[in-house]
Amino acid sequence: MSRRILLVLLAGAAVCLVPWTVYLAHTLPDRYDTGQWRAAWVGFDVALLLCFAAGAWLGLRRRRAAVPLLSATAALLCCDAWFDVMLGWTSDERWASVALAVFVEIPVAVVLALAARRLLSTAIPQRTVTLRDIELRDDPRYQRVTGELPATAEQVARNTGLKRAEVAECLKTLQDNGFVRRGRKGEWVSLPQDLREPKPEDYTGEARERVTAFLDAKYENEVALLSWAASHRDEFGPWATAQRTSTRLTEDEFRELDAEYRELINRYCRRRRRPAASEQELSVRFYAFPPPEAVPS
């Protein structure tokens, strides 16, 4: 569904609900006896319970599917608070309903909504590699600086042998381009980014040549890295794995596979904010392409 169609549907629904709400306000009785009262409220609470349980499970597994579930749970809590207060206003327990809504249901709903927002804001930024990124990659100073992180600027200067002002300039440039950030205690950390390959046809002249040379060098390095890994495969112990398969997919299914892989990488890149004693840096690659016999010569 396109964004324009969705906006039209949302705006149309809002407009249609105006006369309907006015109609209900003038026609509905103040009191109404109904059946299945117990089943309705027990069923609602069961749904709320399942939302909490599913949210806890998805949160433990660090799945981004927790975002819509947390939002839905927050909405259900607000609905629960509204109907508890409104339907119990004439009863002796109305103030207990008000207290439950004000001090429990609404605050928990706000916490869940903020948690969903935080999960969205911690997604790995996705963008296409720019000429500025290529310049940074070609400058060995930036590779040396990022290789020392997390660390303070003083520690980076001491470990790399670069001048303090030079390190500060590199970190500022990297920060402006979204590659690093400074923590509250002055320590700089690297930020993962989902960088897409640039397309040479989007550029002209020297810029196109620069992008083409960057892509050629990138894949030469990838081939060299893969060859090195294959020749040293018996030296990694439990710190290496490899799988390959062949399958037949539609383009939509392939895009879904790509999206799920990126979500998995995003989840593990955000797993910890601080280094762990037993962690090990790993080079992770994912390639999917038609085999040679499927590509027209």
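Which side chain of opposite charge is nearest to the buried Asp80, and how far away is it? Select Asp80 in this predicted model and then Arg38: Arg38 is that nearest side chain, at 15 Å, and Asp80 has no salt bridge.

**Stop 1: around Asp80**

Asp80 belongs to helix 3. To see its surroundings, display Trp41, Phe44, Asp45, Leu48 and Glu105, which Asp80 touches when residues up to four places away in sequence are set aside.

**Stop 2: the nonpolar patch**

Stay with helix 3, which spans residues 66–87, and switch to a surface view. Select Trp37, Trp82, Phe83, Met86 and Leu87; together these residues make a nonpolar surface patch of about 580 Å². Helix 3 supplies the largest share of the patch, four residues. One of the patch residues, Met86, is found in helix 3. Met86 counts as partly exposed because its relative accessibility is 43%, a value between the limits of 20% for buried and 50% for exposed.

**Stop 3: the largest nonpolar core**

Next, hide the surface and select Val145, Val167, Leu171 and Leu174. These are the residues with the most contacts inside the largest nonpolar core, which has 16 residues. Colour helix 6 (140–146), helix 7 (153–160) and helix 8 (164–176) separately, as these are the elements that give two or more residues to the core. Helix 8 provides the largest share, four residues.

Centre the view on Leu171. Apart from its neighbours within four places in sequence, Leu171 is in contact with Val145, Leu149, Ala153, Val180 and Trp188. A second core, separate from this one, can be selected afterwards: this core has nine residues, including Leu70, Ala74, Leu112 and Ala115.

**Stop 4: Glu154 and Arg164**

The tour now turns to charged side chains. The count of salt bridges comes to 13. Select Glu154 and Arg164, which form a salt bridge with their closest N and O atoms 3.2 Å apart. Glu154 lies in helix 7 and Arg164 in helix 8, so the pair ties together parts that are ten residues apart in sequence. Both partners can be examined for exposure: Glu154 is partly exposed, with a relative accessible area of 42%, and Arg164 is also partly exposed, at 40% relative accessibility.

**Stop 5: the network at Asp194**

Select Asp194, Arg196, Asp258 and Arg262, which are linked in a network of salt bridges. Within this group, look at the side chains of Asp194 and Arg196, which meet in a salt bridge with an N to O distance of 3.6 Å. Is Asp194 buried or exposed? Asp194 counts as buried, at 13% relative accessibility, whereas Arg196 counts as partly exposed, at 27%.

**Stop 6: Arg285 and Glu222**

Finally, select Arg285 and Glu222, whose side chains meet in a salt bridge (2.6 Å, N to O). This pair links distant parts of the chain, 63 residues apart: Glu222 is in helix 9 (residues 205–231), and Arg285 is in the segment after helix 10 (251–269). Glu222 counts as buried, at 16% relative accessibility, while Arg285 counts as partly exposed, at 43%. For a last comparison, return to Asp80, which is buried yet has no salt bridge; the buried Glu222 has a salt bridge with Arg285.

Terms used
Residues are numbered from 1 along each chain as its sequence is written. This is a predicted model: local features need pLDDT of at least 70, side-chain atom pairs count only at pLDDT 80 or more; totals for chains, interfaces and linings use all residues. Side-chain values use heavy atoms; hydrogens and water are left out. A nonpolar core is a set of buried Ala, Val, Leu, Ile, Met, Phe, Trp, Tyr and Cys residues joined through side-chain atoms within 4.5 Å. Buried means under 20% relative accessible area, exposed over 50%, partly exposed in between (1.4 Å probe, protein chains only). Contact means heavy atoms within 4.5 Å. Patches are made of residues with over 30% relative accessible area and no salt bridge: like charges are joined within 9 Å, nonpolar side chains (Val, Leu, Ile, Met, Phe, Trp, Tyr) within 5 Å. Accessible areas come from the Shrake-Rupley method with a 1.4 Å probe; for residues, only the protein chains shown count as cover. A salt bridge is a side-chain nitrogen of Lys or Arg within 4 Å of a carboxyl oxygen of Asp or Glu. Lys and Arg count as positive and Asp and Glu as negative; His and the chain ends are not counted.
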